[in-house]
Amino acid sequence: MAANDLFESLSTAFGEKLSQRTEFRGETSFTISPADLREVANVCRTDLSFDYLLDITSIDNFGEEPRFELIYHLYSMRHGVHLRLKLKVPEEIGPVDTVSDIWPTANWHEREAYDMMGIKFAGHPDLRRILMWDGYPFFPLRKDFPLQGLPSDMPDIAFTKVTPMEGGPFVTLPSTAGSKDREPRARPPEL
Amino acid sequence: MPETRSTAYDSKIEGNVIFTRFDAALNWVRKNSLWPMPMGLACCAIELMAAAASRFDIARFGAEVMRFSPRQCDVMIVAGTVTYKMALAVKRIYEQMPEPKWVIAMGACASTGGMYRSYATLQGVDQLIPVDVYISGCPPRPEALLAGLMKLQEKISGERSFRDQTPQLAEKLEDALA
(Lines give C-alpha, C1' and ligand atoms only; values in the text may rest on other atoms or scores of the structure.)
Protein backbone atom coordinates (compact mmCIF):
# COMPACT_ATOMS: atom_id res chain seq x y z
CA MET A 1 0.00 0.00 0.00
CA ALA A 2 1.23 3.44 -0.78
CA ALA A 3 0.97 4.55 2.83
CA ASN A 4 3.18 1.84 4.18
CA ASP A 5 5.73 2.31 1.40
CA LEU A 6 5.99 5.98 2.24
CA PHE A 7 6.42 5.30 5.92
CA GLU A 8 8.97 2.58 5.25
CA SER A 9 11.04 4.91 3.09
CA LEU A 10 10.80 7.56 5.79
CA SER A 11 12.01 5.11 8.41
CA THR A 12 14.89 3.85 6.29
CA ALA A 13 15.92 7.40 5.46
CA PHE A 14 16.06 8.52 9.05
CA GLY A 15 16.22 5.46 11.22
CA GLU A 16 17.29 6.63 14.64
CA LYS A 17 16.01 10.16 14.28
CA LEU A 18 12.41 9.03 14.26
CA SER A 19 12.22 8.26 17.90
CA GLN A 20 8.72 6.95 18.04
CA ARG A 21 6.15 5.68 15.64
CA THR A 22 2.55 5.40 16.77
CA GLU A 23 -0.46 4.26 14.87
CA PHE A 24 -3.94 5.08 15.99
CA ARG A 25 -7.05 4.22 14.00
CA GLY A 26 -5.16 4.34 10.76
CA GLU A 27 -3.22 7.53 11.52
CA THR A 28 0.56 7.36 11.74
CA SER A 29 2.68 9.77 13.76
CA PHE A 30 6.41 10.07 14.09
CA THR A 31 8.18 11.90 16.86
CA ILE A 32 11.33 13.74 15.90
CA SER A 33 13.60 16.22 17.56
CA PRO A 34 13.49 19.93 16.63
CA ALA A 35 17.01 19.80 15.25
CA ASP A 36 15.99 17.31 12.55
CA LEU A 37 12.84 19.12 11.54
CA ARG A 38 14.06 20.75 8.33
CA GLU A 39 15.76 17.61 7.07
CA VAL A 40 12.71 15.47 7.61
CA ALA A 41 10.43 18.17 6.18
CA ASN A 42 12.51 18.45 3.02
CA VAL A 43 12.51 14.71 2.48
CA CYS A 44 8.78 14.54 3.11
CA ARG A 45 8.06 17.26 0.61
CA THR A 46 10.42 16.37 -2.20
CA ASP A 47 10.93 12.62 -2.06
CA LEU A 48 7.80 11.37 -0.38
CA SER A 49 5.30 13.72 -2.06
CA PHE A 50 3.82 15.13 1.14
CA ASP A 51 3.11 18.41 -0.55
CA TYR A 52 0.23 19.61 1.59
CA LEU A 53 0.83 20.92 5.10
CA LEU A 54 -2.62 20.72 6.66
CA ASP A 55 -1.86 22.28 9.98
CA ILE A 56 0.76 23.25 12.51
CA THR A 57 -0.57 23.16 16.01
CA SER A 58 0.99 23.38 19.44
CA ILE A 59 0.28 21.92 22.84
CA ASP A 60 1.26 23.41 26.17
CA ASN A 61 2.13 20.63 28.61
CA PHE A 62 2.48 22.94 31.54
CA GLY A 63 4.54 21.17 34.18
CA GLU A 64 6.30 18.68 31.92
CA GLU A 65 9.87 19.21 30.92
CA PRO A 66 9.90 20.02 27.22
CA ARG A 67 7.00 22.35 27.77
CA PHE A 68 5.59 22.69 24.31
CA GLU A 69 4.82 20.18 21.63
CA LEU A 70 4.57 21.18 17.98
CA ILE A 71 2.56 18.98 15.67
CA TYR A 72 2.74 19.09 11.89
CA HIS A 73 -0.02 17.44 9.88
CA LEU A 74 1.08 16.47 6.39
CA TYR A 75 -0.91 15.04 3.54
CA SER A 76 0.10 13.60 0.22
CA MET A 77 -2.28 14.64 -2.54
CA ARG A 78 -1.00 12.06 -4.94
CA HIS A 79 -1.36 9.07 -2.64
CA GLY A 80 -3.99 10.30 -0.24
CA VAL A 81 -1.89 9.56 2.82
CA HIS A 82 -1.80 11.48 6.10
CA LEU A 83 1.27 11.81 8.27
CA ARG A 84 1.82 13.48 11.60
CA LEU A 85 5.16 14.77 12.88
CA LYS A 86 5.51 15.65 16.55
CA LEU A 87 8.28 17.61 18.16
CA LYS A 88 8.83 18.47 21.78
CA VAL A 89 10.05 22.00 22.23
CA PRO A 90 11.44 23.17 25.54
CA GLU A 91 10.59 26.68 26.59
CA GLU A 92 14.00 28.23 27.09
CA ILE A 93 16.18 26.65 24.45
CA GLY A 94 16.34 28.44 21.14
CA PRO A 95 13.80 28.83 18.38
CA VAL A 96 12.48 26.08 16.13
CA ASP A 97 13.44 26.13 12.46
CA THR A 98 10.79 27.45 10.17
CA VAL A 99 9.34 25.34 7.38
CA SER A 100 7.71 28.28 5.62
CA ASP A 101 10.07 28.01 2.68
CA ILE A 102 9.13 24.35 2.25
CA TRP A 103 5.37 24.80 2.64
CA PRO A 104 4.41 28.48 2.28
CA THR A 105 1.25 27.99 4.29
CA ALA A 106 3.41 27.48 7.36
CA ASN A 107 3.97 31.22 7.43
CA TRP A 108 0.65 31.99 9.09
CA HIS A 109 0.49 28.78 11.14
CA GLU A 110 3.83 29.60 12.69
CA ARG A 111 2.72 33.15 13.37
CA GLU A 112 -0.29 31.73 15.18
CA ALA A 113 1.90 29.38 17.22
CA TYR A 114 4.06 32.36 18.13
CA ASP A 115 1.09 34.55 19.02
CA MET A 116 -0.75 32.00 21.12
CA MET A 117 2.10 30.04 22.72
CA GLY A 118 5.22 32.13 22.33
CA ILE A 119 7.15 29.54 20.32
CA LYS A 120 9.66 31.38 18.14
CA PHE A 121 10.67 30.25 14.66
CA ALA A 122 14.16 30.91 13.29
CA GLY A 123 14.30 32.11 9.72
CA HIS A 124 10.64 33.08 9.57
CA PRO A 125 10.24 36.02 7.15
CA ASP A 126 7.65 37.91 9.22
CA LEU A 127 7.27 36.57 12.74
CA ARG A 128 4.71 38.82 14.39
CA ARG A 129 1.38 38.38 16.09
CA ILE A 130 -1.50 37.42 13.90
CA LEU A 131 -4.61 37.18 16.09
CA MET A 132 -3.75 39.54 18.93
CA TRP A 133 -2.12 42.90 18.22
CA ASP A 134 1.60 43.69 18.17
CA GLY A 135 2.62 44.64 21.66
CA TYR A 136 0.06 42.53 23.47
CA PRO A 137 2.06 41.34 26.45
CA PHE A 138 0.78 37.82 26.97
CA PHE A 139 0.53 34.47 25.20
CA PRO A 140 -3.13 33.59 25.58
CA LEU A 141 -3.29 29.85 24.95
CA ARG A 142 -0.69 28.91 27.51
CA LYS A 143 -2.02 26.93 30.40
CA ASP A 144 -0.99 29.57 32.93
CA PHE A 145 -3.04 32.26 31.20
CA PRO A 146 -6.61 32.43 32.55
CA LEU A 147 -9.54 32.14 30.18
CA GLN A 148 -10.99 35.43 31.35
CA GLY A 149 -7.85 37.25 30.36
CA LEU A 150 -5.58 39.73 32.05
CA PRO A 151 -5.91 43.50 31.90
CA SER A 152 -3.66 45.30 29.48
CA ASP A 153 -3.67 48.69 27.86
CA MET A 154 -1.99 50.07 24.78
CA PRO A 155 -3.45 53.56 24.38
CA ASP A 156 -4.94 54.17 20.92
CA ILE A 157 -4.33 50.58 19.85
CA ALA A 158 -6.23 48.22 22.09
CA PHE A 159 -7.10 47.42 25.65
CA THR A 160 -8.24 44.28 27.42
CA LYS A 161 -10.15 43.78 30.60
CA VAL A 162 -10.86 40.78 32.77
CA THR A 163 -14.13 39.12 31.75
CA PRO A 164 -16.59 38.29 34.53
CA MET A 165 -17.00 34.54 34.45
CA GLU A 166 -20.25 34.37 36.38
CA GLY A 167 -23.24 36.48 36.89
CA GLY A 168 -24.46 39.51 34.99
CA PRO A 169 -25.69 41.19 33.13
CA PHE A 170 -28.56 38.88 32.20
CA VAL A 171 -28.97 36.18 34.83
CA THR A 172 -31.80 34.17 36.26
CA LEU A 173 -31.58 33.95 40.02
CA PRO A 174 -32.95 30.78 41.57
CA SER A 175 -36.35 31.32 43.13
CA THR A 176 -39.82 29.86 43.42
CA ALA A 177 -41.47 32.85 41.78
CA GLY A 178 -43.55 32.52 38.64
CA SER A 179 -41.82 32.73 35.28
CA LYS A 180 -42.85 36.31 34.65
CA ASP A 181 -40.96 37.35 37.75
CA ARG A 182 -38.18 34.87 37.29
CA GLU A 183 -37.33 36.15 33.81
CA PRO A 184 -33.72 37.29 33.55
CA ARG A 185 -33.42 41.00 33.87
CA ALA A 186 -30.37 43.14 33.55
CA ARG A 187 -28.61 42.95 36.88
CA PRO A 188 -26.09 45.62 37.77
CA PRO A 189 -22.73 44.07 38.63
CA GLU A 190 -21.90 43.75 42.28
CA LEU A 191 -19.09 46.14 42.95
CA MET B 1 -46.05 62.96 22.34
CA PRO B 2 -46.45 66.18 20.42
CA GLU B 3 -49.69 66.24 18.46
CA THR B 4 -50.35 67.46 14.99
CA ARG B 5 -53.59 69.02 13.81
CA SER B 6 -54.25 69.27 10.16
CA THR B 7 -56.00 72.38 8.92
CA ALA B 8 -56.84 72.98 5.30
CA TYR B 9 -56.19 76.69 4.99
CA ASP B 10 -57.47 77.09 1.51
CA SER B 11 -57.21 73.95 -0.48
CA LYS B 12 -57.85 75.46 -3.85
CA ILE B 13 -55.22 78.13 -3.64
CA GLU B 14 -52.74 77.46 -0.90
CA GLY B 15 -52.96 73.70 -0.56
CA ASN B 16 -52.99 72.01 2.81
CA VAL B 17 -51.21 73.67 5.67
CA ILE B 18 -50.45 71.67 8.73
CA PHE B 19 -49.74 73.16 12.14
CA THR B 20 -47.49 71.12 14.31
CA ARG B 21 -44.78 71.42 16.89
CA PHE B 22 -41.26 71.82 15.63
CA ASP B 23 -40.17 68.83 17.67
CA ALA B 24 -42.84 66.61 16.19
CA ALA B 25 -41.83 67.48 12.68
CA LEU B 26 -38.15 67.10 13.45
CA ASN B 27 -38.64 63.73 15.11
CA TRP B 28 -40.84 62.51 12.28
CA VAL B 29 -38.23 63.46 9.75
CA ARG B 30 -35.39 61.87 11.71
CA LYS B 31 -37.06 58.62 12.56
CA ASN B 32 -38.33 57.91 9.09
CA SER B 33 -34.97 58.34 7.43
CA LEU B 34 -32.51 56.62 9.72
CA TRP B 35 -29.49 55.91 7.59
CA PRO B 36 -27.60 53.01 9.16
CA MET B 37 -23.85 52.71 9.52
CA PRO B 38 -23.52 48.96 9.23
CA MET B 39 -20.79 47.90 11.62
CA GLY B 40 -21.16 44.33 10.40
CA LEU B 41 -18.46 42.43 12.19
CA ALA B 42 -19.60 38.80 12.17
CA CYS B 43 -22.59 36.54 11.53
CA CYS B 44 -25.17 39.14 12.54
CA ALA B 45 -24.06 41.06 9.47
CA ILE B 46 -25.60 38.32 7.34
CA GLU B 47 -28.94 38.86 9.04
CA LEU B 48 -28.47 42.61 8.59
CA MET B 49 -28.00 42.00 4.88
CA ALA B 50 -31.08 39.79 4.91
CA ALA B 51 -33.06 42.57 6.56
CA ALA B 52 -31.90 44.89 3.81
CA ALA B 53 -32.81 42.47 1.05
CA SER B 54 -36.18 42.17 -0.58
CA ARG B 55 -37.99 39.76 1.72
CA PHE B 56 -37.60 41.73 4.97
CA ASP B 57 -37.25 45.08 3.35
CA ILE B 58 -35.60 47.62 5.60
CA ALA B 59 -36.28 50.21 2.91
CA ARG B 60 -39.85 50.36 4.19
CA PHE B 61 -38.40 52.24 7.15
CA GLY B 62 -36.23 54.52 5.09
CA ALA B 63 -33.11 52.71 6.20
CA GLU B 64 -31.90 51.12 3.00
CA VAL B 65 -29.21 53.76 2.62
CA MET B 66 -26.36 51.81 4.16
CA ARG B 67 -23.53 54.10 3.32
CA PHE B 68 -20.31 52.82 4.76
CA SER B 69 -19.20 56.33 5.47
CA PRO B 70 -19.88 57.33 9.06
CA ARG B 71 -20.15 60.99 8.06
CA GLN B 72 -23.44 60.34 6.31
CA CYS B 73 -25.08 58.04 8.81
CA ASP B 74 -27.49 58.39 11.70
CA VAL B 75 -27.57 55.05 13.41
CA MET B 76 -24.69 52.62 13.90
CA ILE B 77 -25.89 49.03 13.87
CA VAL B 78 -23.19 47.03 15.63
CA ALA B 79 -23.84 43.58 14.21
CA GLY B 80 -21.38 41.01 15.41
CA THR B 81 -18.67 40.23 17.91
CA VAL B 82 -16.59 43.18 19.01
CA THR B 83 -13.12 41.87 19.75
CA TYR B 84 -10.69 43.96 21.73
CA LYS B 85 -8.62 44.25 18.55
CA MET B 86 -11.53 45.88 16.75
CA ALA B 87 -12.93 47.84 19.68
CA LEU B 88 -11.06 51.10 19.24
CA ALA B 89 -11.78 51.11 15.51
CA VAL B 90 -15.52 50.88 16.28
CA LYS B 91 -15.13 53.78 18.71
CA ARG B 92 -13.28 55.83 16.13
CA ILE B 93 -16.04 55.28 13.57
CA TYR B 94 -18.68 56.20 16.16
CA GLU B 95 -16.87 59.42 16.95
CA GLN B 96 -16.85 60.33 13.28
CA MET B 97 -20.61 60.16 13.01
CA PRO B 98 -22.25 63.58 13.24
CA GLU B 99 -24.97 64.28 15.80
CA PRO B 100 -27.75 63.24 16.16
CA LYS B 101 -26.66 59.64 16.26
CA TRP B 102 -27.97 56.47 17.80
CA VAL B 103 -26.59 52.96 18.26
CA ILE B 104 -28.34 49.63 17.89
CA ALA B 105 -26.51 46.68 19.45
CA MET B 106 -27.64 43.76 17.31
CA GLY B 107 -27.25 40.27 18.62
CA ALA B 108 -25.85 38.70 21.74
CA CYS B 109 -22.20 39.48 21.06
CA ALA B 110 -22.72 43.20 20.60
CA SER B 111 -25.05 43.43 23.59
CA THR B 112 -23.06 41.54 26.19
CA GLY B 113 -20.23 39.64 24.59
CA GLY B 114 -22.52 36.71 23.82
CA MET B 115 -21.14 33.22 24.15
CA TYR B 116 -17.57 34.55 24.12
CA ARG B 117 -16.65 35.04 27.74
CA SER B 118 -12.94 35.17 27.08
CA TYR B 119 -9.80 37.21 26.95
CA ALA B 120 -10.34 38.46 23.43
CA THR B 121 -13.94 39.69 23.28
CA LEU B 122 -15.31 42.97 24.54
CA GLN B 123 -18.20 42.09 26.82
CA GLY B 124 -20.77 44.28 25.14
CA VAL B 125 -20.24 47.29 22.94
CA ASP B 126 -21.90 49.45 25.60
CA GLN B 127 -18.60 49.34 27.45
CA LEU B 128 -17.35 51.68 24.77
CA ILE B 129 -20.21 53.64 23.19
CA PRO B 130 -23.73 54.48 24.42
CA VAL B 131 -26.33 52.05 23.09
CA ASP B 132 -29.97 52.97 22.52
CA VAL B 133 -31.53 49.64 21.55
CA TYR B 134 -30.35 46.12 22.32
CA ILE B 135 -31.58 43.30 20.14
CA SER B 136 -31.14 39.80 21.48
CA GLY B 137 -30.65 36.74 19.35
CA CYS B 138 -27.84 34.75 17.91
CA PRO B 139 -28.38 35.91 15.28
CA PRO B 140 -31.63 37.85 15.66
CA ARG B 141 -34.05 37.24 12.87
CA PRO B 142 -34.42 40.08 10.40
CA GLU B 143 -37.88 40.70 11.82
CA ALA B 144 -36.26 41.18 15.21
CA LEU B 145 -33.91 43.74 13.73
CA LEU B 146 -36.86 45.55 12.20
CA ALA B 147 -38.67 45.46 15.53
CA GLY B 148 -35.58 46.96 17.14
CA LEU B 149 -35.52 49.64 14.49
CA MET B 150 -39.15 50.43 15.22
CA LYS B 151 -38.37 50.66 18.91
CA LEU B 152 -35.64 53.13 18.08
CA GLN B 153 -38.15 55.09 16.03
CA GLU B 154 -40.45 55.20 19.07
CA LYS B 155 -37.57 56.45 21.16
CA ILE B 156 -36.76 59.14 18.64
CA SER B 157 -40.35 60.31 18.39
CA GLY B 158 -40.25 61.07 22.12
CA GLU B 159 -37.24 63.35 21.88
CA ARG B 160 -37.49 66.97 22.85
CA SER B 161 -34.59 68.55 21.04
CA PHE B 162 -36.20 71.91 20.46
CA ARG B 163 -38.14 72.23 23.68
CA ASP B 164 -35.03 71.44 25.71
CA GLN B 165 -33.37 74.44 24.19
CA THR B 166 -36.29 76.73 25.08
CA PRO B 167 -34.64 78.32 28.12
CA GLN B 168 -31.55 79.34 26.17
CA LEU B 169 -33.59 80.53 23.23
CA ALA B 170 -35.88 82.49 25.48
CA GLU B 171 -32.84 84.05 27.14
CA LYS B 172 -31.37 85.07 23.79
CA LEU B 173 -34.71 86.51 22.78
CA GLU B 174 -34.85 88.56 25.93
CA ASP B 175 -31.30 89.78 25.40
CA ALA B 176 -32.15 90.70 21.85
CA LEU B 177 -35.25 92.58 22.90
CA ALA B 178 -33.72 94.29 25.89
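# Reasoning through a two-chain predicted model

Tutor: From the N terminus on, the elements of chain B follow one another as β-β-α-β-α-β-α-β-α-β-α-α, and this order is read from a predicted model. Counted by kind, chain B holds six helices and six strands.

Student: What box do the C-alpha atoms of chain B fill?

Tutor: Taken along the principal axes, the C-alpha atoms of chain B fill a box of roughly 60 × 45 × 25 Å. The accessible surface of chain B comes to about 10100 Å², and 55% of that surface belongs to carbon and sulfur atoms.

Student: What share of the residues in chain B is buried, and what does the word require?

Tutor: The word requires a relative accessible area under 20%, and 40% of the 178 residues in chain B are buried. In chain A, which has 191 residues, 39% count as buried.

Student: How are the contacts of the two chains spread along their sequences?

Tutor: Among the contacts in chain B between residues at least 6 apart in sequence, 74% join residues at least 24 apart. In chain A, residues 24 or more positions apart account for 44% of the contacts with a separation of 6 or more. Chain A has four helices and eleven strands, and it exposes about 11100 Å², of which carbon and sulfur atoms supply 54%.

Student: Why is A:Asp115 called buried?

Tutor: The relative accessible area of A:Asp115 is 0%, and the cut-off for a buried residue is under 20%, so A:Asp115 is rightly called buried. A:Asp115 is found in helix α3, residues 106-117, of chain A.

Student: What makes the approach of the A:Asp115 side chain to the backbone nitrogen of A:Met132 a polar contact?

Tutor: The side chain of A:Asp115 reaches the backbone nitrogen of A:Met132 at 2.8 Å, and because a polar contact needs a suitable pair of N or O atoms within 3.5 Å, that distance meets the limit. The side chain of A:Asp115 also reaches the backbone nitrogen of A:Ile130, at 3.3 Å, which is again within 3.5 Å.

Student: Which residues is A:Asp115 in contact with, leaving aside its neighbours within four places in sequence?

Tutor: With those neighbours left aside, A:Asp115 is in contact with A:Arg129, A:Ile130, A:Leu131, A:Met132, A:Phe138, A:Phe139 and A:Pro140.

Student: Why is A:Glu64 called partly exposed?

Tutor: A:Glu64 has a relative accessible area of 47%, and because buried means under 20% and exposed means over 50%, the value falls in between and A:Glu64 is partly exposed. A:Glu64 lies in the loop between β3 (52-60) and β4 (68-76) of chain A. The C-alpha atoms of A:Glu64 and A:Pro90, which are 26 residues apart along the chain, are separated by 9.3 Å.

Student: Why does A:Arg25 count as exposed?

Tutor: The relative accessibility of A:Arg25 is 77%, and exposed means over 50%, so A:Arg25 counts as exposed. A:Arg25 is found in the loop between β1 (20-24) and β2 (27-32) of chain A, and its phi is near 50°, a positive value in a residue other than glycine.

Student: Why is A:Ser49 called buried?

Tutor: The relative accessible area of A:Ser49 is 7%, and the cut-off is under 20%, so A:Ser49 is buried. A:Ser49 lies in the loop between α2 (37-46) and β3 of chain A; phi of A:Ser49 is near 60°, a positive value in a residue other than glycine.

Student: What kind of peptide bond joins B:Glu99 and B:Pro100?

Tutor: The bond between B:Glu99 and B:Pro100 is cis, with omega at about -10°, and B:Pro100 is found in the loop between α3 (84-96) and β5 (102-106) of chain B. A cis peptide bond also joins B:Cys138 and B:Pro139, where omega is about -10°; B:Pro139 has its place in the loop between β6 (133-135) and α5 (142-157) of chain B.

Student: How much area do chain A and chain B bury between them?

Tutor: Chain A and chain B bury about 1500 Å² between them, with 62% of it on carbon and sulfur atoms. In chain A, A:Phe159, A:Lys161 and A:Thr163 lose the most area to chain B, together 32% of what that side buries. As for residues in contact, 26 residues of chain A meet 14 residues of chain B.

Methods
Residues are numbered from 1 along each chain as its sequence is written. Chains are lettered from A and ligands numbered from 1 in the order in which they are written. This is a predicted model: local features need pLDDT of at least 70, side-chain atom pairs count only at pLDDT 80 or more; totals for chains, interfaces and linings use all residues. Side-chain values use heavy atoms; hydrogens and water are left out. Helices (H or I, at least four residues) and strands (E, at least two) are DSSP runs, numbered from the N terminus. Buried means under 20% relative accessible area, exposed over 50%, partly exposed in between (1.4 Å probe, protein chains only). Contact means heavy atoms within 4.5 Å. Accessible areas come from the Shrake-Rupley method with a 1.4 Å probe; for residues, only the protein chains shown count as cover. A polar contact is a pair of N or O atoms within 3.5 Å; within protein, one must be able to donate a hydrogen and the other to accept it, and residues adjacent in sequence count only if both atoms are side-chain atoms. Buried area is the accessible area (1.4 Å probe) that two parts lose on being put together, summed over both.
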